[in-house]
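Thank you all for coming. I would like to walk through one model this morning, beginning with its ligand site and then moving to a sheet, a core and a single residue.

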Amino acid sequence: MSATPAPSRRCVIWFGTPCSSERALLASGGWHIRAVSLSQTGGVGMRSEDIVIGVLDFRTCAGRDLAAAAEVAAAYRHLPLFALLPPVPDESDAQLRHALSRCRHRFPHPLDHADLLRQLASLQETSTPGGSDDAFACLLGESSAMLAMRATLRKFAPVDLPVLITGETGTGKEAAAHALHRLSPRNGHPFHAVNCGAIAPTLLQSELFGHERGAFTGATARRAGLFESAHRGTVFLDEIGDLPMEAQTSLLRVLQEGTIERIGSNQSIQVDVRVLAATHVDLEQAMAQGRFRSDLYYRLNVLRLSMPALRQREGDIELLAMHFLQEFRARHLIRARGYTAAACRALADFHWPGNVRELLNRVLRAAITSDNELIDCAELELPAPAESRAQQQDARLRDERETLVACLARSQYNVSACARLMKVSRVTVYRLCRKHRLQLESLR
Ligand SMILES: Nc1ncnc2c1ncn2[C@@H]1O[C@H](COP(=O)(O)OP(=O)(O)O)[C@@H](O)[C@H]1O
Ligand SMILES: [Mg+2]
C-alpha cells in the first residue's frame with residue numbers, strides 16, 4: 001500500500017472551552033480542536049501546512065482572563081481570530097467591553113455561537129474548493145448520530161487501511177464508501193464498487209481478479225479484473241457476507257500481500273488498492289457458521305464505520321425529505337413545495353425499514369403524483385398519524401370485546417367463572433359488559 005504525504009489539517013485553537021455540541025459540529029466539519037487556557041504562556045505549536053484559526057471564547061472568561069485575552073489577541077497577530085460572545089452580552093460588563101476595546105481592530109464584528117459556526121462553514125468551503133464538503137453531499141443530516149458518523153469517517157479516510165461499513169439497507173453505506181475515497185489521497189484514482197451478492201459466484205472470481213485467455217470455456221481473451229483496474233484507487237465490496245469462499249481466499253491475499261492472480265495463471269500481480277467493505281448481515285454470525293473466513297474478518301474489521309438507522313436520526317427525516325423535494329423541484333416542473341403538518345408527523349413516526357433509500361423513493365413518488373402545494377400522508381403512502389392512533393384504539397376495543405364474548409360463552413355466562421378465566425375481578429367483568437353493551441340476561 002502506498003505511503004502518502006501528510007495532508008493539511010484544519011485546526012481551531014480555542015482559547016477557552018468549547019461546549020460539547022460545538023466540539024461535535026467542528027469535528028464533523030473536519031476541524032481539529034486545540035483547547036488552550038487563556039493563561040497559557042508561550043506559543044501554541046502549528047504546522048505550516050495547516051489551516052489555523054483562533055477562537056477567543058469570551059463567554060466563560062473570568063475577570064482576570066479578559067486581560068489575558070487581549071494579550072492573546074496581540075500575541076497571535078497573524079492568526080485569523082474570532083471573538084465569541086455570550087448570547088446576550090451584558091453591556092454593563094465593563095471588563096468585557098474594556099478587553100474588546102483593546103483589540104477592537106481584531107474584532108470589528110464579535111460573533112455569537114451561530115455566527116461562528118456559519119463563519120467556519122464558509123471558511124471550510126474556501127479552504128477545500130470542490131473538495132471535502134462535496135464528498136458529504138450524499139451524507140446529509142444534522143442529528144448527533146450523523147455528526148458522529150461524519151467525524152469518524154473523516155478520521156478513517158486518510159488512513160490507508162480497510163474499513164468495514166455496517167448498517168441496515170439504505171442507510172448510506174455506499175455513499176459513505178464513496179466519501180471515504182473522496183476524502184483520501186486516493187481521490188482522483190478509480191473507485192470501483194461491486195455488489196458481491198448480485199453476481200453469480202462462478203463469475204465473481206473473474207470479475208474481481210480477471211482471467212487469462214482460455215482459462216475457462218468462453219474466456220476468449222485475457223481480461224483484467226476489478227482489482228487490477230482500480231490500481232492506486234479504492235475497491236468497494238458491497239454485501240461482503242455473500243463473497244464465495246474462493247474469492248475470500250483471494251481477497252485475503254490482496255490484504256496480506258497486495259497481490260492477485262488472474263484465473264488460469266499463477267503469476268502474482270502487484271495491486272495497490274484500498275479495500276472498503278459493507279455488510280448488512282452479521283459477519284460474526286457468518287463466521288461462527290463457517291461461511292466467512294475468520295482471518296479475513298479480522299483483516300477487514302480494523303476500522304469499523306456504523307451507519308445509523310434513519311429512525312435514530314432525530315430531525316434528519318424532515319431535513320432529508322425537504323432536501324430531496326427541493327432537489328427534484330430544481331430539475332422538474334412540479335407543484336409540491338412542502339409537506340402538510342400531518343405528513344411531517346407521519347414521516348417522523350414511521351419506522352423506515354428501507355431507511356434513506358425508502359424516504360427518497362416515497363418523496364419522489366409523492367412529488368410526481370401530487371397536485372397540491374403540500375404533500376400529504378396519502379401521497380407518501382404513510383398512515384395519517386391521528387387516524388392510525390384512532391385505528392389502534394378501535395382494534396384494541398374490538399379485541400377486548402371478542403375476548404369478553406368468548407370467555408363468557410366458555411363459562412356459560414357465569415360471571416365468577418368468566419372472571420377466573422380472564423384473570424380479572426367480577427366487578428371488572430360487569431364493567432366490561434356495560435362498556436361493550438353486552439346484556440348478560442339476554443345472552444344466557
Ligand atoms: N445521509 C444521506 N443524505 C443524502 N442522501 C443519502 C443519505 N444516505 C443515503 N442517501 C441516498 O440514499 C440512497 C441509498 O444509499 P446507499 O449508500 O446506496 O445505501 P446502502 O448502501 O446502505 O444500502 C442513495 O441514493 C444515497 O445517495
Ligand atoms: Mg448498498
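Let me begin with a term: by a polar contact I mean a pair of N or O atoms within 3.5 Å, where, within protein, one must be able to donate a hydrogen and the other to accept it, and residues adjacent in sequence count only if both atoms are side-chain atoms. What you see is a predicted model, in which local features need pLDDT of at least 70 and side-chain atom pairs count only at pLDDT 80 or more, while totals for chains, interfaces and linings use all residues. Residues are numbered from 1 along each chain as its sequence is written, chains are lettered from A and ligands numbered from 1 in the order in which they are written, and side-chain values use heavy atoms, with hydrogens and water left out.

At ligand 1, a backbone N or O atom of Thr171 lies 3.3 Å from an oxygen atom of the ligand, and a backbone N or O atom of Gly172 lies 3.1 Å from an oxygen atom of ligand 1. For Cys138, the partner of a backbone N or O atom is a nitrogen atom of ligand 1, at 3.3 Å.

Turning to the sheet, 4 strands form an open sheet in the order 2-1-3-4, with parallel pairing; strands pair if DSSP finds at least two bridges between them, and helices (H or I, at least four residues) and strands (E, at least two) are DSSP runs, numbered from the N terminus. Strand 2 (31-36) and strand 4 (81-84) stand at the edges with a single partner strand each, so one side of each is left without a neighbour in the sheet. Strand 1 (residues 10-15) pairs with strand 3 (residues 51-57) over 6 bridges, and Phe15 stands opposite Leu56 in strand 3.

The largest nonpolar core, meaning a set of buried Ala, Val, Leu, Ile, Met, Phe, Trp, Tyr and Cys residues joined through side-chain atoms within 4.5 Å, has 31 residues, and Phe227 and Leu251 are among those with the most contacts inside it. Helix 10 gives the most to this core, with 5 residues.

Finally, which helix holds Glu358? Glu358 lies in helix 15 (residues 355-369) and is buried, with a relative accessible area of 15%, where buried means under 20%, exposed over 50% and partly exposed in between (1.4 Å probe, protein chains only). Leaving aside neighbours within four places in sequence, Glu358 is in contact (heavy atoms within 4.5 Å) with Phe350, Trp352 and Pro353.
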